[in-house]
Every structure is written in C-alpha cells, then in structure tokens.
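Work through the exercises below with the sequence and the coordinates at hand. Each task is followed by a solution in steps.

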Amino acid sequence: MNYFNCDKIAFEGANSKNPLSFKHYNADELINGKSMREHLRFAAPYWHVMRNVLSDPFGGGTAQMPWDDGSDSVENALKRVDVFFEFLDKIGIEYYCWHDRDIAPELNDLAASSAALDQVVAKLKDKQAETGVQLLWGTACLFSHPRYAQGGATSPNADVYAYAAAQVKKALECTKELDGLGYTFWGGREGYSTLLNTDMKRELDHLAAFLHMAVDHAKKIGFDGPFYIEPKPREPSTHQYDSDAAACLNFLREYGLMEHFQLNIETNHATLAGHTMEHELRVSANAGMLGSIDANRGDELIGWDTDQFPTDIYLTTQVMLVVLETGGLTTGGLNFDAKRRRESHEPLDLMHAHIGGMDAFARGLKIADAIIRDGRLADFVKDRYATFDSGIGAKIESGEMSFVDLEKYALSNGEPALKSGGQEMLENLVNEFL
Ligand code: XUL
Ligand code: CO
C-alpha cells in the first residue's frame, strides 16, 4: 500500500535538506543509556490521523482521504486500519490510542455498535501481532452522540448513564483484548453549561461511582494497566469537572480513587486552564501521578483547543526535564493528540506534522539531558533552599518547631538576608543549551 506516497522516514541528521527525514530523532541513539524510542514512547491518535476531516466552526472538512469511502460501514472501518498501519510503519511510531467510535462506527443500537467494534478489534489485534505496534490506551467516546449532550457519567438521566457505562465496559474489554497499556477518561461533557440546572454534588458522586465501577470491572477482566484522567477546563462544556491537574487530584483523593489512577496531561488543556504545561506536569509528578502525555500545543492568539503539533523546542525541553527528573514514562507515552491545520489537507502533511513533533521532542530530550548532566540548574534550586538544610530550617522541616519557637528565633535573628531568585541568570543558562 502506498497511500502516503513516501518511503519509511529515516534519520538523516541535522544537515539533511530532505523534508521527509528526521533531523534529530534517531530511534536507536542512546541518551544517558536509554534509546530515544524508549525515552519518548511516541504514540499516534487514531482520531486525528484517520478520522479528522479538518473542519472548523466555519467550514467543512478539507482532508484528502482517498482510502475512505465516507460510509459508516464496517468494511470502510477495516480498510482504515490498513492505512493507519501503513502510516505507523512509515513514520516509525510504535504506540497508538483510540476512542471506540474512531475505530468502528456507531450503528443503530448498542449491540450492533459493539459487534462492529469486535470486528475491527480483531483486525487491530492481527496488525499489532504482525508489526509489534502496541496500544498505549483506549477510551470511549462519550461526547459526540446527542445522547451525551448533557454528559455521560454526569448526565442527569440514569438511562444515559447506563448507556455510557455499557460503552466504557466494552471499550475496556477491547483495550484488554488488545493488551492496551492503559485506559483514559477524558470527560468532554462531564461538566456543565450552567449551574442553574446542575446539582454539582450529585453529578460528582455519580462520576466517582462510575469510575469505581470501571475499576471493579478492570479487576474482573484482569486489566491491570492504569486508568488515566485527562484534565481539561472547558470546551465543549463551560466547565469540566476535571478542569486541571489539581482539581483531578482533589477529586481522586476525595473519592478514594488515587491508587487506580494517574493523569494524562495535555499541553493545550494546560494552557486553556491558565497554566503552563510545565506547571501541570510538575503538579502531577509531585503527587506521583504523572502517567502519560498528550503532546501538542495551542496558539497564543486563538482561545480554543487548536491541537497543533509541538514545534517549540523550549516547550519540549520543559516537558522532557520533568519526564527525565521523574525517572521517565513507564506505561504512558507521548501521544501526539494533534491535528494538521485545515490548509494542510494532503496525506503527506500527516508525515510532515509528525516528523516535526518527533524531531522537536528529540531535541527537547537531548537538551533536557544535557541540562541535567550539567547540574548547574539543579544545584541552583537546591542551594536556594539551603537554609532549610540545617539549623532552624531543618527543624522546621522535621516538624519540631512551633510559632512560639519561631517568634523567639525571629526576634533574636534580626532582618533575614535574602538571596536573588536569579531568574534571568537561569533563563540565560537554559538558553546556553538550546
Ligand atoms: C480532547 C482530547 C481527547 C482525549 C481523548 O480535547 O484531548 O481527544 O485525548 O478523549
Ligand atoms: Co487529549
């Protein structure tokens, strides 16, 4: 098959002028004893690669998909699988992710949709065995069909809730069938449009019960991969309950779900929440809950989820600094939850898009590794807290001190001598490596 009209993308090095080559991503090159492929664990999202027609709020799809007959048939869905695996083979990506309704059509009733899913899953299983490609995570689409207009696991309607549960049960079983490493919950419509009609407490209780049932069912079928929650503040809803990493952590703690879940952090969701990606990654990592990454970026001038491919080396460096400092991704990966611009409608644009993202992350990885090996940045941060390493600071950290003790100390110690935070010096230091 040759739908992408190119050979396998090869590493040609930084001096190559071939746009269909990697300049920096060299899968087998070792960085600190581990290959780039193992560090980066790139994944491709079925929904963007195979199903995104590149429409926007003002116009329909532009994407050329000569392999797709536009129908909701199982036959068409099976054909897409071949095209997707051609894409993965040529780009050299070894993991992928799906929603149930990306890979197979939603048909007239639940039983028919599930039967269609089984057929496609059987083919995906064969393709995985043939190629060694692995499923990074599966998920259920609980946001496109009109029945989910008011939510799935937070719907005010119990029949919708049951339908959503049945869909997740099936998606979980398909993930298990494909030896998926994880399972994601992104609550697209788990939130509200207005609080005038919303019993927030009741909806959150329902959501927690739903997730507990998912955990129970995973145990029952022997699925032991982590569940991921993917935070996002809004769009499509006005407010999504999983609005950012901190809100998700609070929810998981409140409802006793911490041990079964990790977070899947997406760049454009972080920025929509008014945070940097680095912030969201650090919040997750601090709680020991950083599981996986949806690697994309937003646009500073557009206020919605533009899902662009990551190209900013500063951003990929920040991401890889957190990933390396926390010991690397284990079950998770870097899933390019990103789409081409509407103007980039040719199949080959998919190649350019992923080449750019992979090269940007390869550079981020090398730079982050160099910054860590250099040590000056970490030394500065450590030194900044040095007053807590001994004396009064060490006593504060060990919990020995009271307000009375600290008042006594402050009265005798005089005015503290504060050192510079050194931001500009550190910004210069980071730029030395770029
Ligand atoms: C939507 C988004 C989803 C999730 C999976 O913004 O990121 O595609 O990654 O449901
Ligand atoms: Co995502």
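A cavity is a set of points on a 1 Å grid over the protein atoms alone where a 1.4 Å probe fits but cannot get out. The volume of a cavity is the space filled by probe spheres set on its points. The model used here is predicted.

**Exercise 1. Cavities**

Task: Find how many cavities of 30 Å³ or more there are, and describe the lining of the largest cavity.

Solution:
- Step 1. The count is 3 cavities of 30 Å³ or more.
- Step 2. About 160 Å³ is the volume of the largest cavity.
- Step 3. Its lining has 18 residues, and Leu 142, Phe 185, Trp 186, Gly 187 and Glu 190 are the closest to the cavity centre.
- Step 4. At least two lining residues come from β8 (182–185), and at least two from α7 (200–221).
- Step 5. Sorted by type, the lining holds 12 nonpolar, 4 polar and 2 charged residues.

**Exercise 2. Strand β6**

Task: Determine which strands pair with β6 and in which sense, and whether the residues of β6 are buried or exposed.

Solution:
- Step 1. Strand β5 (residues 42–45) runs parallel to β6 and is joined to it by 3 bridges. Within this pair, Ala 44 lies opposite Tyr 96.
- Step 2. Strand β7 (residues 134–139) also pairs with β6 in the parallel sense, over 5 bridges. Here Thr 139 of β7 stands opposite His 99.
- Step 3. In a regular strand, side chains alternate between the two faces of the sheet.
- Step 4. In β6, Tyr 95, Cys 97 and His 99 point one way, while Tyr 96 and Trp 98 point the other way.
- Step 5. Buried means under 20% relative accessible area. Because 5 of the 5 residues of β6 (residues 95–99) are buried, the strand is largely enclosed by the rest of the structure.

**Exercise 3. Helix α3**

Task: Compare the expected span of α3 with the distance between its end C-alpha atoms, then assess its burial.

Solution:
- Step 1. The expected span is 1.5 Å times one less than the number of residues.
- Step 2. Helix α3 (residues 74–91) has 18 residues and should therefore span 26 Å.
- Step 3. The end C-alpha atoms of α3 are 26 Å apart, which agrees.
- Step 4. Of the 18 residues of α3, 13 are buried, so the helix is largely enclosed by the rest of the structure.
- Step 5. Gly 92, just after α3, has a positive phi of about 80°.

**Exercise 4. Domains**

Task: Give the bounds of domain 1 and domain 2 and the separation of their centres.

Solution:
- Step 1. Domain 1 covers 24–374 and domain 2 covers 386–433.
- Step 2. Taken over C-alpha atoms, the centres of domain 1 and domain 2 are 41 Å apart.

Technical notes. Residues are numbered from 1 along each chain as its sequence is written. Chains are lettered from A and ligands numbered from 1 in the order in which they are written. This is a predicted model: local features need pLDDT of at least 70, side-chain atom pairs count only at pLDDT 80 or more; totals for chains, interfaces and linings use all residues. Side-chain values use heavy atoms; hydrogens and water are left out. Buried means under 20% relative accessible area, exposed over 50%, partly exposed in between (1.4 Å probe, protein chains only). Helices (H or I, at least four residues) and strands (E, at least two) are DSSP runs, numbered from the N terminus. Two strands pair if DSSP finds at least two bridges between them. On a 1 Å grid over the protein atoms alone, a cavity is a set of points where a 1.4 Å probe fits but cannot get out, and a pocket is an open set with protein on both sides within 12 Å along at least five of seven lines; lining residues have an atom within 4 Å of a point. Ala, Val, Leu, Ile, Met, Phe, Trp, Tyr, Cys and Pro count as nonpolar, Asp, Glu, Lys and Arg as charged, and the others, Gly among them, as polar. Domain bounds come from an automatic or database domain assignment.
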